[in-house]
Amino acid sequence: MNVQADDIFKIKTLSQPQGDGRTIFYQENWIDEADNAYYSRLRKLDRATRRQLPFGHDQQHDHAPKLDHAQTTLAFLSQDKDGQAQVFVQATDGGSARQLTHEKDGVGDFLWAADDASIFYQTQTTPAKPDPKRPAVKTVTKAQYKFNGAGVLPEGLTSSLKQQTLANKTGQTLYTNPDGFGLAAVSPAGDTIALALGRDEKDDKNFGSQVGLFDLATGKVTLLALEARQSALEALTFSPDGTQLLLFGNEGRLPNVQQNHLWHADLSTGELTDTTVDLDLDITGMITGDSQRGLSGRGAAFATSDYYVTTGFDHGRASLYVGGPDEPLHVLLGGDRHITDWALTPDGHGIIFTCSDPVVPSQLRYFDLITEDEILLVDPNTRYENSHTLVAPEEFNFDRGEFNIEGWYYAPATASAKKHPAILYVHGGPQVGYGDTFFHEMQFLAGKGYGVICLNPRGGAGYGQAFTAAVIQHYGEDDYQDLMTGVDEALRLDPQIDATHVYVTGGSYGGFMTNWIVTHTDRFKAAATQRSISDWISFYGTSDIGYYFTPWELQGTWSGDTEDVQTLWNFSPLKYIANVKTPTLVLHGEEDQRCPIGQGEEFYTGLKMHGVDTKFMRFPGSNHELSRSGMPHLRIARLNAIADWFEAHR
C-alpha cells in the first residue's frame, strides 16, 4: 500500500530515552484521529525481557520525563484538571503518579536537585486575563511584541525559579527575572544552577544570550558570556566533578548564520574555549522533517570529566560525536540516519537513543560504549513499515561554483514504464537542511506517482560556515541557480521523469523560493506556494521576526530599517509578478505570525490581477507550524490540496 495523507494517524515516534541500560524509560508520541489531537505517553522497558509497561499520569499528556540520579523516581510534566502543565512524580518500580506542583499558570521546565530530595522548576506569572465580554486594549512597548503560535505577547510577565521538596505542596521562590530565562543544568554538588538568559528585553537591537550561574547559597548570578554584544551561549551540562561546563553557541560575528560550536568553560577560571574551532561542524543543527516530536533537545553530556558526547549535523546526517579536552571530536554514532534523541546511562557505559531514517519513522536503540554493540529495542511502526511501500531516496551530488550541492531523489513508489511527473520541494529556513530522516510528506507524494527532488542549496546548514552564509544578501541568486541545476541533475538521474511535467512547492523560505521561481522561469507545470514571503517591505514590520530577520538576511547587518526600500523591493517576488505564467496555488495559515497571511494575500492578488490560474487556501486557526504541528485534519487537507492542484495540471 502506498503512503496516504491520513497516515499521520498511524505513525508513532519515540523520544526522551533514559535509564540505566537495563530499565529504560521513553516517551511515545502519536496523533489521535478521533480527537484530532497530539498526544504523548510514557513507557518503561525491561531490556532483558523486552516487556513494556505503561507509565505516567493520564497516558495522553505525559511528557518530558526526567529520572532522578538514584533511578528510583521518574518526574515528568502532565496536565492538571485545569489543563495546566505540572510536575508529577512516580516511583520507577510502579505505583500511581502523584501531582507535585500546583502552579496556577503551570510549569515551563524543571530539573532534579543533586540530592533527589527536591526539584527546581520555572514558571511564569501572567497578568490577569480580561473579561472576554469586555476585551481590554492591548498596549505594546517592545519591538518584538508578538510571536508565532502565541500572538501578541502580554507585557508584565515575570519568570520565577522555584524549589519544591517531594514532601511539600508549594514551591519556594529563589529567583525572578522579568526578561525570562530557561533551566539548563544543576551542578553535581547541588550548589549552582546554570540558567539560559536571553537578551535584554529593553534593548530591541541586542540579540545575544548568555549563561547565568545561580548560586543557591547567595542568590547571586554570575554571567558566562563571550565578549561580542551579539554572541550567544547556552549551557548544556556540568562535568561529574563540577569543575567544567559544556555550552553551545557562537561569537555573533555573522547575523543569524554563524554556526553553533561546542564551548568548554573552566569554572575555576571562567575561561571559555571553543572545542570545535578547527571543525567546520554545526552543533545541534536542524534537519528538516515533519514527523519527530517531543524531543529533549539534549546537546551534550559528560561520560567522564575528560570525555563527552555531543550532537552534530553534517551532510544531511545528524550524528553523535565524542571527544574531550585532549581529543578532537569524531563520530561515535553515525550512518545515513538521524539521531533524534539520546541519553548516557549513569555509569557512562552506554547510550540509549532514538533514531530515524528515510524509511523508518522512529526506533529506540542501545549502544554499548565498551563493546560497541548496537541493539534495536523498540520499533513502534513495524507493522506500518511492512504494509506500506516506503521509498528509500537516492542521494546525489553536483558541483556549482565553489560548492558541492547535495540532494535526495524519491522515485515514485510504484514503478511504471511510462514517463512520470516530478516535484521540486524547497525546504524552509533557509538555515536548515534535508537529510536522512523520515519525511511523511515526501513519501505521500512519491505514493501519488511523483518523483520528489529534495535539494540543499547554498544557505542551508550542514555544509560548513561559508555555505550557510552564501545566501546572505543574495536571496534568489545562486540559491535559485542551485535549485534549477539540481532539477537538471535529477532529470539525468531518472530519465523516466517527464521534463514537461515538473512541479514546484515549498514553505517559508521554500515558499519565498517558489514565488521567486515562478516569477523568474516558466519551466514548471504548476506551483504551490506555502506560508511564503512575497514582499520584504511589508514583511519588515508585520512578521514577528521581520524587523531583525530582514536586515540579517538581505543586508547582512544586525539591525536595519526600510530606508533602502529599493533593495527590499528588488528581493521581493511581488516586484516580478507580471512575469508569472505558471498556475500557482497559494496556501497560508490565518494565524501565521512568522510569514503573516498578508504575504500570501499580496501574491494571490497579484496573480489574479495578471490573469494567472490561481487559488487561495486560507487555513483557520493555523500558524507557521501548520505542516508540522498544526491541526491534524488541516495538515491532511493541505497535503491533499497540493496533490490535487498538481493532478489538475497534469
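Which residues form one aromatic cluster with Tyr-475? Here are my notes, with the reminder that this is a predicted model.

1. **The aromatic cluster.** Besides Tyr-475, the members are Tyr-509, Phe-512, Trp-516, Trp-536, Phe-539, Phe-549 and Tyr-576. Leaving aside its neighbours within four places in sequence, Tyr-475 is in contact with several of these rings, including Tyr-509, Phe-512, Trp-516, Trp-536 and Phe-549. Tyr-475 also has Pro-430, Glu-553, Leu-554 and Phe-571 among its contacts.

2. **The main core.** Tyr-475 and Trp-536 turn up again in the largest nonpolar core, which has 95 residues. Together with Leu-424 and Phe-646, they are the ones that touch the most other members. If you want to know which helix to click on here, go for helix 11 (residues 632-648), which gives the most to this core, with eight residues.

3. **A cis proline.** Pro-430, already met as a contact of Tyr-475, deserves a look at its backbone. The peptide bond leading into it from Gly-429 is cis, with omega near 10°. Most peptide bonds are trans. Pro-430 is found in the loop between strand 33 (420-426) and helix 2 (440-447).

4. **Helix 2, the enclosed one.** That loop brings us to helix 2. How many of its eight residues are buried? Eight of the eight, so helix 2 is largely enclosed by the rest of the structure. The buried residues are His-440, Glu-441, Met-442, Gln-443, Phe-444, Leu-445, Ala-446 and Gly-447, and they pack against strand 32 (403-410), strand 33, strand 34 (451-456) and helix 11. After the helix comes Gly-449, with a positive phi near 100°.

5. **Helix 2 against helix 11.** These two helices pack with their axes 11 Å apart, at an angle of about 35°, and the crossing is right-handed. On the helix 2 side the contact is made by His-440, Glu-441 and Phe-444. Helix 11 brings Arg-638, Leu-639, Asn-640, Ile-642 and Ala-643. Recall that helix 11 is also the one that gives the most to the largest nonpolar core.

6. **Aromatic pairs around Trp-552.** The model has 30 aromatic pairs. In one of them, the rings of Phe-207 and Trp-552 have centres 5.2 Å apart and planes at 80°; with over 60 degrees as the cut-off, the pair is therefore edge-to-face. This pair links distant parts of the chain, 345 residues apart: Phe-207 is in the loop between strand 16 (192-197) and strand 17 (210-215), while Trp-552 is in helix 7 (residues 546-555). Phe-207 counts as buried at 15% relative accessibility, and Trp-552 is buried too, at 8%.

7. **A second partner for Trp-552.** Trp-552 also pairs with Tyr-548: the centres are 4.8 Å apart and the planes at 55°, so this pair is tilted. Both residues lie in helix 7, four residues apart, about one turn of the helix. An α-helix has 3.6 residues a turn, so residues three or four places apart point the same way. Tyr-548 and Trp-552 are both buried.

8. **Arginines over rings.** Which ring does Arg-41 lie over? Arg-41 lies over the face of Trp-30, at 3.9 Å from the ring centre. Arg-47 has a comparable entry in my list, with its charged end over the ring of Tyr-366, 4.2 Å from the centre.

9. **Positive phi in strands.** Most residues other than glycine have a negative phi. Two residues here go the other way. Gln-16 has a positive phi of about 55° although it is not a glycine, and Ala-64 has a positive phi near 55°. Gln-16 lies in strand 1 (residues 13-19), and Ala-64 is found in strand 5 (residues 63-67). Are they buried or exposed? Gln-16 is buried, with a relative accessible area of 11%, and Ala-64 counts as buried at 13%.

10. **A buried threonine in a loop.** Thr-582 is found in the loop between helix 8 (565-570) and strand 37 (584-589). At 2% relative accessibility, Thr-582 counts as buried. Leaving aside its neighbours within four places in sequence, Thr-582 is in contact with Val-518, Thr-521, Asp-522, Phe-524, Lys-525, Ala-526, Ala-527, Val-612 and Asp-613.

Key. Residues numbered from 1 in each chain as written. Predicted model: local features only at pLDDT ≥ 70, side-chain atom pairs only at ≥ 80, totals over all residues. Heavy atoms only, no water. Core = buried A, V, L, I, M, F, W, Y, C linked by side-chain atoms within 4.5 Å. Buried < 20%, exposed > 50% of the residue type's maximum accessible area, 1.4 Å probe, protein only. Contact = heavy atoms within 4.5 Å. Phe/Tyr/Trp six-rings, centres within 6.5 Å; stacked < 30°, edge-to-face > 60°. Lys NZ or Arg CZ within 6 Å of the ring centre and 35° of its normal. Axes fitted to C-alpha atoms, helices over the stretch in contact; angles between N-to-C directions. Left-handed = near helix turned anticlockwise from the far one by under 90°.
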